[in-house]
Amino acid sequence: MEILLKPIAIVINNRKNLSDDYWGNVVSEIILDESIPTESLIGIEEFSHIEIIFYFHQAQDQVKFSRHPRGNKNLPETGIFAQRAKDRPNRLGVTIARLIKREGRILTVDHFDGMDGTPVIDIKPVMKTFLVNKNEVTEPRWVKAMLTNYWKE
């Protein structure tokens, strides 16, 4: 089966080059495609956070299904589905971003790690009912060490 997806928006920000860290000062505009009616955003400004599903448009065509995260041999080899790497089978990324404001068809967000020009596939409001209690989330120790600078400015 093949699935055809059409972007519903595009990301505009100052992040032009691939980089794994220092996303903390990046503010992005998510600009809704002209083919999507503005009314699709009615009420979104009542939410503090939105979940953005996007396409890693600069990812490599070559997917390694098992690798050391970030190519760092000091980190354990893990499968692609145990990582959030961009070089994935379908190149999809998902991030929960803070919604700063909405102006017409433009959403301004931070804590979003999509680069300038990134195609947005879907946007959903974050609802507490669908979140797992953060105290119940577990992860390997290496993840915290690897992501120390991720959201730093």
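Two strands are said to pair if DSSP finds at least two bridges between them, and in this predicted model that rule is met by E3 and E6, which pair in the antiparallel sense over 7 bridges.

To begin the tour, select strand E3, residues 49-55, and then isoleucine 52, which stands opposite threonine 95 in E6.

Staying on E3, turn next to strand E8, with which E3 pairs in the antiparallel sense over 5 bridges; if you pick isoleucine 53, you will find that its bridge partner in E8 is aspartate 122.

Now select E8 itself, residues 119-125, together with strand E1, residues 9-12, and you will see two antiparallel strands that 2 bridges join. Alanine 9 is a useful residue to highlight here, since valine 120 in E8 stands opposite this alanine.

With these pairings in view, show the whole sheet: 6 strands close into a barrel in the order E1-E2-E7-E6-E3-E8, and the pairing is antiparallel. Neighbouring strands of this sheet are turned by 45° against each other on average, when direction is ignored. As you follow a strand, keep in mind that in a regular strand the side chains alternate between the two faces of the sheet.

For the last stop, select strand E6, residues 92-103, and go to leucine 92, which lies in this strand. Is leucine 92 buried, partly exposed or exposed? Leucine 92 is partly exposed, because its relative accessible area is 34%, a value that falls between the limits of 20% and 50%. Add Met1, Ile3 and Leu5 to the selection, and together with Leu92 these residues make a nonpolar surface patch of about 510 Å².

How values were computed: Residues numbered from 1 in each chain as written. Predicted model: local features only at pLDDT ≥ 70, side-chain atom pairs only at ≥ 80, totals over all residues. Heavy atoms only, no water. Patch = residues over 30% accessible without salt bridge, like charges linked within 9 Å, V, L, I, M, F, W, Y side chains within 5 Å. Areas by Shrake-Rupley, 256 points an atom, 1.4 Å probe, with all protein chains shown as cover. Salt bridge = Lys/Arg side-chain N within 4 Å of Asp/Glu carboxyl O. Helix = DSSP H or I, 4+ residues; strand = E, 2+ residues; numbered from the N terminus. Buried < 20%, exposed > 50% of the residue type's maximum accessible area, 1.4 Å probe, protein only. Axes fitted to C-alpha atoms, helices over the stretch in contact; angles between N-to-C directions.
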